[in-house]
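Here is a short guided walk through a protein model, meant to be read with the structure open beside you. Turn the view as you go and pick out each part when it comes up.

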Amino acid sequence: MPTTPARQRLRTLLDRRELVIAPGVFDGISAHLTKRAGHVAAYLTGSGVAASGFGLPDIGLTTATEMTERARMVVGVLGDIPLIADADTGYGAPRNVVRTVRCYEQAGVAAIQLEDQVFPKRCGHLPDKHVVDAAQFEQTLAAALDTRSDDNFLVVARTDARAPLGLDAALERANRYAEAGADIVFVEAPQDVAEIERIAGEVGAPLLINMALGGLTPPVAVARLQELGYAIAIYPSNLVRRAALGMLQGLSELNGSDITDLPVRSPADFFRLVGLTEWLEADARYAAAEATAWA
C-alpha cells in the first residue's frame with residue numbers, strides 16, 4: 001500500500017524532535033475543530049469514541065469494526081493531518097491483530113496504538129487493570145509490524161504494567177517492546193513527575209505520554225515534556241469531557257435541573273455518565289455465576 005501525506009507528515013514532525021501535541025478527537029466536529037484550530041496531529045481516543053458514538057464506558061466494549069469506521073471518517077475530515085488511533089489490545093489474538101492493522105491502515109490512519117492489557121481492557125486511569133505476559137504482547141506487536149504494508153504506518157506499543165506490577169516492570173517492558181520493533185513506546189499512567197522523568201531517562205525509544213484530565217498522571221507543562229524529550233503528548237479527554245460538561249450545563253438551563261451530582265472531574269466520573277457502574281455490576285454478577293458453576 002502506498003504511503004499517505006499524513007503519514008509522511010507525522011514522520012517529518014517526529015524527525016524534528018519537537019513535541020507533537022495530539023488532542024483527542026472522537027467525532028466529525030471534534031476533528032473539524034482540531035483542524036481549524038491549527039493542530040498538527042490528532043489522537044482518536046477510544047474512550048471518547050466509546051462514549052460519544054455508542055454510549056459506553058471505556059472497558060473494552062467497542063469492536064474493531066466500530067473503531068475502524070470512526071477512524072475512517074475522522075481521517076476524511078482531517079485530510080493531511082496525521083491521526084494516531086487507539087486500537088486497544090488489537091481486539092483478540094495475533095490473527096485478529098492482523099485484521100485490525102489491515103483495517104486501520106486501509107482507513108488511512110498514520111499510527112496505531114496497541115496495549116498489553118488483558119482483554120477486556122479498561123481505561124488506563126481506572127483501577128483493577130491486568131496485563132498479559134510481555135512475551136504474549138510481543139506476539140501482538142510482531143503481528144502488527146509484519147502486517148503493515150507501509151513503513152510510515154507507525155506502531156505505538158503501550159504498557160499498562162505500572163499499576164499492577166510497578167514502574168520497574170513497566171520500564172522493562174517498554175524497552176523490550178522497543179527492541180521488538182515498536183516505533184513509539186507509551187508507558188501508561190505514571191503517577192508523579194519523578195516517574196515521568198524516569199521514563200524519559202530510561203526508555204530507549206521515542207516516547208508518547210498521556211495527559212488525561214483528572215487521571216493518575218499529574219499535568220506537566222508542554223515545555224517540560226519537550227525538555228525531557230517526549231515525542232508525542234496526547235490529550236484524549238480535553239475535548240470530550242468539556243463537551244460533556246457543556247451539554248450538562250445546557251440541559252440544566254432548559255429545565256433548571258441540578259447537575260452537581262453529575263461531576264465530570266475524573267475519568268471514572270465521566271464513565272459513570274455512560275453506565276460504568278451498571279456495566280461493572282453486570283461483570284461482577286456473571287463472574288460470580290461462573291465461579292459458582294466451576295466450584
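## Two loops with unusual backbone

Start with proline 120, which sits in the loop between β4 and α6. This is a predicted model, and in it the peptide bond leading from phenylalanine 119 to proline 120 is cis, with omega near 0 degrees.

A second spot to look at is arginine 17, in the loop between α1 and β1. Although arginine 17 is not a glycine, its phi is positive, near 60 degrees.

## The barrel

Now find the strands. There are 8 of them closing into a barrel, with parallel pairing, and the order around it is β1-β2-β3-β4-β5-β6-β7-β8. On average, and with direction ignored, neighbouring strands of this sheet are turned by 25 degrees against each other. As a reminder, strands of a sheet pair through backbone hydrogen bonds, in either a parallel or an antiparallel way.

Where do strand β1 and strand β8 come in? Strand β1 covers residues 20-25 and strand β8 covers residues 232-235, and the two pair in the parallel sense over 4 bridges. Within this pairing, alanine 22 stands opposite isoleucine 234 in β8. Helix α1, residues 5-15, packs on the sheet. The strands touched by α1 are β1, β3 (83-86), β4 (111-115), β5 (154-159), β6 (184-187) and β8. The direction of α1 makes about 60 degrees with that of β5.

## A pair of helices

Next, look at helix α6 (residues 134-147) and helix α8 (residues 167-179), which pack at an angle of about 30 degrees with their axes 10 Å apart. Their crossing is right-handed.

Which residues make the contact? From α6 come Ala134, Ala135, Phe137, Glu138 and Leu141, while α8 brings Arg173, Arg176 and Tyr177. Sorted by class, the contact of α6 with α8 holds 5 nonpolar residues and 3 charged ones, with no polar residues.

## Enclosed spaces

How many cavities of 30 Å³ or more does a search of the whole structure find? There are 2. The largest cavity holds about 200 Å³ of space. Its lining is made of 22 residues, and the closest to the centre are Ser47, Asp58, Cys123, Asn210 and Pro236. Three elements are worth highlighting on your screen: α3 (46-54), α11 and α12 each give two or more residues to this lining. Of these, α12 gives the most, with 3 residues. By class, the lining of the largest cavity divides into 9 nonpolar, 7 polar and 6 charged residues.

The second largest cavity holds about 50 Å³. Its lining residues are Gly46, Ala50, Pro57, Asp58, Ile59, Gly60, Leu61, Thr62, Met67, Asp88 and Lys121. They fall into 5 nonpolar, 3 polar and 3 charged residues. If you are colouring residues, Asp58 deserves its own shade: Asp58 is listed among the residues closest to the centre of the largest cavity, and Asp58 also lines the second largest one.

## A loop proline

Finish at proline 263, in the loop between α11 (238-255) and α12 (267-273). Leaving aside residues up to four places away in sequence, proline 263 touches Asp269 and Leu273. Proline 263 and alanine 244 are 19 residues apart in sequence, and their C-alpha atoms are 10.0 Å apart in space.

Technical notes. Residues numbered from 1 in each chain as written. Predicted model: local features only at pLDDT ≥ 70, side-chain atom pairs only at ≥ 80, totals over all residues. Heavy atoms only, no water. Pairing = 2+ DSSP bridges. Axes fitted to C-alpha atoms, helices over the stretch in contact; angles between N-to-C directions. Contact = heavy atoms within 4.5 Å. Left-handed = near helix turned anticlockwise from the far one by under 90°. Nonpolar A, V, L, I, M, F, W, Y, C, P; charged D, E, K, R; others polar. 1 Å grid on protein atoms, 1.4 Å probe; cavity = no way out; pocket = protein on both sides within 12 Å on 5 of 7 lines; lining within 4 Å. Points joined across faces, edges and corners; volume = space filled by probe spheres on them.
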